[in-house]
Amino acid sequence: MADVGIIQDGAVLIENGKISAIGTTDELRKHSTNAAEIDCRDKVVLPGFVDSHTHPVFANPRLIDFEKRIAGAHYEKIAAAGGGIRSSIRDVRESSQEQLASHVLSALHEMAALGTTTVEAKSGYGLDAVSELKSLQAIRQAAGDWPGTLVSTLLAAHVVPPEHRDDPDKYIRIVCDAIIPAAAREGLADYVDAFCERGAFTAEQSQNILHAAVAHNLKTRIHIGQLTHTALEDFAEFHPASVDHLDHLTDADIAWLAKHDTIATLLPAANYFLGLKEFPPARKLIDAGAAVALATDYNPGTSPTTSMPFVLSVACTHMKMSPAEAITAATVNGACALSLQSKKGSLEPGKDADIAIFDAEDYREIPYWFAVNRCYKTLLGGVVFPSEGTSSLLRSAATIARAAGNSRFAW
Ligand SMILES: [Zn+2]
């Protein structure tokens with residue numbers, strides 16, 4: 001993870017939305033004499049960020065939570081004041097698909113402006129069949145209006161909705177017997193996720209959800225170990241692409257991750273926003289040989305940020321990841337967490353031309369200048385954002401970090 005594959009005075013040749021060659025500017029000019037160029041002198045060129053964990057289908061910010069939590073209130077008091085996840089559920093149920101899609105799309109535009117080119121987007125604030133499917137439709141609608149890549153995840157098992165509080169197993173049956181089959185039938189989800197946590201779903205309930213996912217040919221990922229510990233090995237049979245949060249891990253979990261292709265996705269912006277002193281054990285995971293990814297966890301309750309550069313900064317300062325490790329985690333390892341490593345996450349011939357260009361002379365400046373946007377331009381499948389039409393040669397007289405350093409995966 002510490003090798004980002006730097007090319008000084010590098011260039012990327014793009015044809016038909018794909019990378020056709022990468023090397024030094026002199027080498028590539030010999031290949032292609034008539035390509036249009038983007039001048040990237042004094043810039044850093046990276047693979048676009050892969051934000052592999054977001055919850056963008058919500059309607060309103062949760063400002064009551066924010067203010068009450070600052071004043072020291074606990075979850076119950078926040079809920080009693082009209083905040084908490086119940087307010088997001090009510091808002092999503094009352095919103096139209098168009099309203100939700102437009103919120104998702106504006107988040108995607110923000111993300112692209114910050115260098116993100118691939119996003120995983122979860123449902124999870126509808127929590128009934130109609131509203132969960134409406135949320136997935138909203139994701140699909142937004143994906144159609146965005147030149148980047150969207151991966152869709154059904155998170156009907158986010159929390160038990162208020163009307164099923166007294167009988168959570170009844171809700172799980174609805175998820176397994178109605179919502180998952182409908183999402184699979186309509187091709188609305190790539191993945192099924194579950195929130196395995198105190199106050200959400202037990203390990204056994206989460207396993208039931210993932211069994212139903214596998215039965216309908218959907219891939220799995222899971223929120224686990226955020227507030228309390230659950231053994232990762234209990235979920236081995238589902239071959240989850242990613243296990244996410246991981247604030248509470250044992251040595252056995254870390255050893256298990258080091259031996260398997262499941263990605264350890266860490267979400268330190270949530271720890272930051274909740275004002276926590278503890279962060280996930282990134283150093284232990286990386287040193288043991290686990291593949292770590294970073295994502296924003298963009299959501300209205302615990303991580304209202306679309307900024308991958310900010311997440312990189314928190315990963316460096318609070319989890320002691322090196323800038324190079326953070327970039328690998330936010331690009332090629334994020335692609336692995338979405339099973340997209342053959343197309344995304346690094347600058348290599350044959351991959352999609354998903355590229356972020358930063359106003360910096362050294363890649364370490366990206367996490368260093370925190371809470372400002374140094375992203376100069378983003379290319380999504382060769383399409384320049386902010387819009388300028390398509391381009392075919394991208395030249396940098398400074399630095400290209402290819403992020404080809406994850407040797408655990410072949411493409
Ligand atoms: Zn999440």
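## Salt bridges and a zinc site

Glu348 and Lys351 form a salt bridge, with their closest N and O atoms 3.7 Å apart. The model shown here is predicted. Both partners are out of the solvent. Glu348 is buried, at 17% relative accessible area. Lys351 is buried too, at 2%.

**More salt bridges**

Side chains of opposite charge can pair when their charged atoms come close. The count of salt bridges here comes to 18. Three of the pairs are set out below.

| Pair | Closest N to O distance |
|---|---|
| Glu348 and Lys351 | 3.7 Å |
| Arg93 and Glu163 | 2.9 Å |
| Arg283 and Asp287 | 3.1 Å |

What does the pair of Arg93 and Glu163 tie together? Arg93 sits in helix 4 (residues 85-94), while Glu163 sits in the loop between strand 8 (149-157) and helix 7 (168-185), so their salt bridge ties together parts 70 residues apart in sequence. Arg93 is partly exposed, with a relative accessible area of 29%. Glu163 is also partly exposed, at 45%.

Arg283 and Asp287 both belong to helix 11 (residues 282-288). They are four residues apart, about one turn of the helix. Arg283 is partly exposed, at 28% relative accessibility. Asp287 is exposed, at 57%.

Salt bridges also form a network. Its members are Lys18, Lys344, Asp352 and Asp354.

**The zinc site**

Which residues coordinate the zinc ion? His53, His55 and His223 each do so through NE2, and Asp297 through OD. The distances run from 2.0 to 2.6 Å. The angles among the four donor atoms span 81 to 168°, and the site is irregular. Four donors count as tetrahedral if all angles lie between 85 and 135 degrees, so this range does not fit that class.

Along the sequence, the donor residues follow the spacing H-x1-H-x167-H-x73-D. His55 lies in the loop between strand 6 (49-54) and helix 2 (63-70), and His223 lies in strand 10 (residues 219-224), so this pair ties together parts 168 residues apart in sequence. Is His55 buried or exposed? His55 is buried, with 2% relative accessible area. His223 is buried as well, at 2%.

**Ile222 in strand 10**

Ile222 has its place in strand 10. At 0% relative accessibility, Ile222 counts as buried. What does Ile222 touch, beyond residues up to four places away in sequence? Its contacts include Asp193, Ala194, Cys196, Leu210, Phe235 and Val243. Ile222 and Phe195 are 27 residues apart in sequence, yet their C-alpha atoms are 6.4 Å apart in space.

Key. Residues are numbered from 1 along each chain as its sequence is written. This is a predicted model: local features need pLDDT of at least 70, side-chain atom pairs count only at pLDDT 80 or more; totals for chains, interfaces and linings use all residues. Side-chain values use heavy atoms; hydrogens and water are left out. Donors are N, O and S atoms within 2.8 Å of the metal (3.2 Å for Na, K and Ca); water is not among the atoms, so sites may look incomplete. Four donors count as tetrahedral if all angles lie between 85 and 135 degrees; four count as square planar and six as octahedral if opposite donors are over 155 degrees apart and all others between 65 and 115; anything else is irregular. Helices (H or I, at least four residues) and strands (E, at least two) are DSSP runs, numbered from the N terminus. Buried means under 20% relative accessible area, exposed over 50%, partly exposed in between (1.4 Å probe, protein chains only). Contact means heavy atoms within 4.5 Å. A salt bridge is a side-chain nitrogen of Lys or Arg within 4 Å of a carboxyl oxygen of Asp or Glu.
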